[in-house]
Amino acid sequence: MKTVTRSINTEAEMEALGMALVGRINMEHLMIYLRGPLGAGKTTMVRGILRALGYRGAVKSPTFTLVEPYTFGSFTLYHFDLYRLKDPEELEFIGIRDYLRGDDTCVVEWPELGGNLLPAPDLDVMIEPVNRGRSVVLTGHNQYGAAILAGLES
């Protein structure tokens, strides 16, 4: 397990951190958890990830739809927001198992609401408000997560 901590002071810095996560690694078949209170910057980080992958459209949190797909050639990034989930079993109704198959990447806001239906993350990101900024703790739980964090350090 590898951990990196960053202090973020602006929305632009949060987006830049999201962009830096993409770095030089293969973004296929990853599970990324984004944790933190409302307004912490989770969706801003997702926007940075998507910008680094070449997406130029609007990025909004899929709070009401639960999932928003973004296709990039050989893979799709699924952005989940589970904030409005009342019961983890609701994930079965949206076909969560189908999203988890193949070489696609899942970025999940509010993963704790998914119960045990979500697999363990490769990368777990905790965003906490501190004064006027944010403290971001990124933890790589396996070789893929560690590779992402190594890309941040170089």
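1. A quick definition before the notes: a salt bridge here is a side-chain nitrogen of Lys or Arg within 4 Å of a carboxyl oxygen of Asp or Glu. Keep in mind that this is a predicted model. With that cut-off, Glu112 and Arg35 make the grade, with their side chains meeting at 3.5 Å, N to O. The pair links distant parts of the chain, as Glu112 is in the loop between β5 and β6 while Arg35 is in strand β2, 77 residues away. Glu112 has a relative accessible area of 40%, so it is partly exposed. Arg35 comes out at 22% and therefore also counts as partly exposed.

2. How many salt bridges are there by this rule? The count is five. Another of them joins the side chains of Glu11 and Arg47, 2.7 Å apart from N to O. Glu11 belongs to helix α1 and Arg47 to helix α2, so this bridge ties together parts that are 36 residues apart in sequence. As for the surroundings, Glu11 counts as exposed because its relative accessibility is 52%. Arg47, at 15%, is buried.

3. Arg47 has a second partner. Its side chain also meets that of Glu15 in a salt bridge, at 2.9 Å from N to O. Here too the link is between helix α2, which holds Arg47, and helix α1, which holds Glu15, with the two positions 32 residues apart. Both Arg47 and Glu15 are buried. Taken together, Glu11, Glu15 and Arg47 form a network of salt bridges.

4. Now for a charged residue without such a partner. Glu109 sits in strand β5, residues 105-109. Which side chain of opposite charge is nearest to Glu109? That is Lys42, 4.7 Å away, and Glu109 is buried with no salt bridge. The cut-off is within 4 Å, so a pair at that distance does not count. What Glu109 does have is a polar contact of 2.7 Å between its side chain and that of Thr43.

5. The wider surroundings of Glu109 are worth a look on screen. Leaving aside neighbours within four places in sequence, its contacts include Leu34, Val46, Ser61 and His79. Phe80, Asp81 and Leu82 are also among them, as are Lys42 and Thr43. Asp81 is also the bridge partner of Glu109 in β5.

6. What about β5 as a whole? It is mostly covered, with five of its five residues buried. Side chains in a regular strand alternate between the two faces of the sheet. In β5, Thr105, Val107 and Glu109 point one way, Cys106 and Val108 point the other way, and all are buried.

7. Next, the strands that pair with β5. Strand β2 (residues 31-35) runs parallel to β5, and four bridges join them. In that pairing, Ile32 stands opposite Val107. Strand β4 (residues 75-81) is also parallel to β5, this time over five bridges. Phe80 stands opposite Val108 in β5.

8. Zooming out, what is the order of the strands in the sheet? It reads β1-β7-β6-β2-β5-β4-β3, an open sheet of seven strands with mixed pairing. The edges are β1 (2-8) and β3 (67-72), each of which pairs on one side only. On average, neighbouring strands of this sheet are turned by 15 degrees against each other, ignoring direction.

9. Back to the helices joined by the salt-bridge network. Helix α1 (residues 11-22) lies across β1, β6 (123-130) and β7 (133-140), and runs at about 155 degrees to β1. Helix α2 (residues 42-52) is largely enclosed by the rest of the structure, because ten of its eleven residues are buried. Among the buried ones are Lys42, Thr43 and Val46, along with Arg47. Just after α2, Gly54 takes a positive phi of about 105 degrees.

10. One last spot to check is Phe64, in the loop between α2 and β3. Is Phe64 buried or exposed? Its relative accessibility is 70%, so it counts as exposed. The C-alpha atoms of Phe64 and Tyr83 are 8.8 Å apart, with the two residues separated by 19 along the chain.

Definitions and conventions: Residues numbered from 1 in each chain as written. Predicted model: local features only at pLDDT ≥ 70, side-chain atom pairs only at ≥ 80, totals over all residues. Heavy atoms only, no water. Buried < 20%, exposed > 50% of the residue type's maximum accessible area, 1.4 Å probe, protein only. Lys, Arg positive; Asp, Glu negative; His and termini not counted. Polar contact = N/O pair within 3.5 Å; in protein donor to acceptor, adjacent residues only side chain to side chain. Contact = heavy atoms within 4.5 Å. Pairing = 2+ DSSP bridges. Axes fitted to C-alpha atoms, helices over the stretch in contact; angles between N-to-C directions.
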